[in-house]
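This report considers how nonpolar and aromatic side chains are arranged in the structure shown here. The interior is taken up before the surface.

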Amino acid sequence: MMKKKSELTIEEAAHRERLRDLYCGIFVVTAFVWVLRFGLGGLASLAAPHLNYYVATALTVVAEALAVFLPFFVFLKACRDPLSPIFREAPRSVHPIARCVIGFFAAAGLTLGALGLMELLLSFLEGNGVHTAVVSPDLGSSAGETVFYVVLSTVFYSFAYEVAFRGIALRAMKDENRFAAVLVSGIAYALCDGDLYRMAVRFAIGFLLGWFYLRIRSVWCCMVLQAASQITLSLWWIFIRDREFTAYLNLLILIGFVIGIAAALLLFYPRRDPDPQITPNKVALKEIFTSFGVYLMIGLVAFNLLIFAFSTDADPNDPLLQPMEEEDKIPPLQFDRYEDFPGYTDDAPTDAD
């Protein structure tokens, strides 16, 4: 005998609709991050050639940070929630500094492992004729410029990403269902950028950051973990130019994941009793994947990768396809009637004769 499907009350149906709108709203706001990044990043790129390195870099980094922060700030105001409580929460841990140190190694290790795996994947695709457009950040031409970029990007990106995805997004969802809150904020965080390397890193640490925020309830502590990831990513771009560095890629992946996973396990030890939640996991997951927001984000990322990241055309940076020095020199146009027309003579009869 088939089990009769239970009917939802008006209050339950309204609650699920609000929950679906909440999850969908996070993904839609993340889509606006793409739009704002395109606008502000485009303006910064137009101004950069007319500025020195330090001003141009600061403008680019601030534009990126604002593109992430502003849409979620508008979302927070639409929910009529204040911003200040995000920064006033005291860490829910007896030893918050020790937790941050362990989390620093966890985020750095997972970031290194994810970067190494992405490098292997892209090398495999290149070997099979699928070329990828990966643009490294401008680290400058001197040690001072490189340090300036690393410090500035670490500070601004750590603040913007953690306030947006943990302080605002995850905090708005945590009371309903913890697992769904981490899942939605982690997916949105990972898909908020079309860069392949950063996408791999965010998938590796996004869910770690979500559970860490629920454990410690401090956005400042989450910024420490985000800073570890940002620093590791910057160091990756510095050393990836060295062939000796890439020769030890498999070893780096192993070291990164061993340190990252071990530190992540230690980070959540001992286990703490979970806080009560309103919505069961099954219901929350259903509301996530019945909203159009998650599919909007997946479609946006897929379109970006197919159009701008992957290509089966010949790699324009392949040295074998670069023109030879003499190919760039076009000889002057010459015409020799006796050479081009051997049978021609000045005494040849014409039609008039």
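## The nonpolar core

In this predicted model, the largest nonpolar core has 89 residues, and the members that touch the most others are Y23, I26, F72, F165, I168 and W236. Helix α5, which spans residues 143-173, gives this core its largest share, namely 13 residues.

I168 illustrates the packing around one of these well-connected members. When neighbours within four places in sequence are set aside, I168 is in contact with F72, F73, F75, L76, L83, I86 and V163. F72 is thus both a contact of I168 and listed with it among the residues that touch the most other core members.

## Aromatic pairs between helices α5 and α6

The structure holds 14 aromatic pairs. One of them joins Y161 and Y189, whose ring centres are 6.0 Å apart; their planes stand at 85°, so the pair is edge-to-face. Because Y161 belongs to helix α5 and Y189 to helix α6 (residues 178-190), the pair ties together parts that are 28 residues apart in sequence. Y161 has a relative accessible area of 1% and is therefore buried, given that buried means under 20%. Y189 also counts as buried, at 1% relative accessibility.

Y189 takes part in an aromatic pair with F165 as well, and this pair is edge-to-face, with 5.5 Å from centre to centre and 70° between the planes. Here too the link is between distant parts of the chain, with F165 in helix α5 and Y189 in helix α6, 24 residues apart. F165 and Y189 are both buried, and F165 is one of the core residues that touch the most other members.

## An aromatic cluster

A single aromatic cluster is formed by F69, F73, F87, F159 and W220. Among these, F73 is also in contact with I168.

## The nonpolar surface patch

On the surface, I97, V101, F105, Y248, L251, L254, I255, V258 and I259 make a nonpolar patch of about 900 Å². Helices α4 (96-127) and α10 (249-267) each supply at least two of the patch residues. The largest share, 5 residues, comes from α10.

Is I259, a member of this patch, buried, partly exposed or exposed? I259 is placed in helix α10. Its relative accessibility is 41%, and I259 therefore counts as partly exposed, since that class lies between the 20% limit for buried and the 50% limit for exposed.

Methods
Residues numbered from 1 in each chain as written. Predicted model: local features only at pLDDT ≥ 70, side-chain atom pairs only at ≥ 80, totals over all residues. Heavy atoms only, no water. Patch = residues over 30% accessible without salt bridge, like charges linked within 9 Å, V, L, I, M, F, W, Y side chains within 5 Å. Areas by Shrake-Rupley, 256 points an atom, 1.4 Å probe, with all protein chains shown as cover. Salt bridge = Lys/Arg side-chain N within 4 Å of Asp/Glu carboxyl O. Helix = DSSP H or I, 4+ residues; strand = E, 2+ residues; numbered from the N terminus. Buried < 20%, exposed > 50% of the residue type's maximum accessible area, 1.4 Å probe, protein only. Core = buried A, V, L, I, M, F, W, Y, C linked by side-chain atoms within 4.5 Å. Contact = heavy atoms within 4.5 Å. Phe/Tyr/Trp six-rings, centres within 6.5 Å; stacked < 30°, edge-to-face > 60°.
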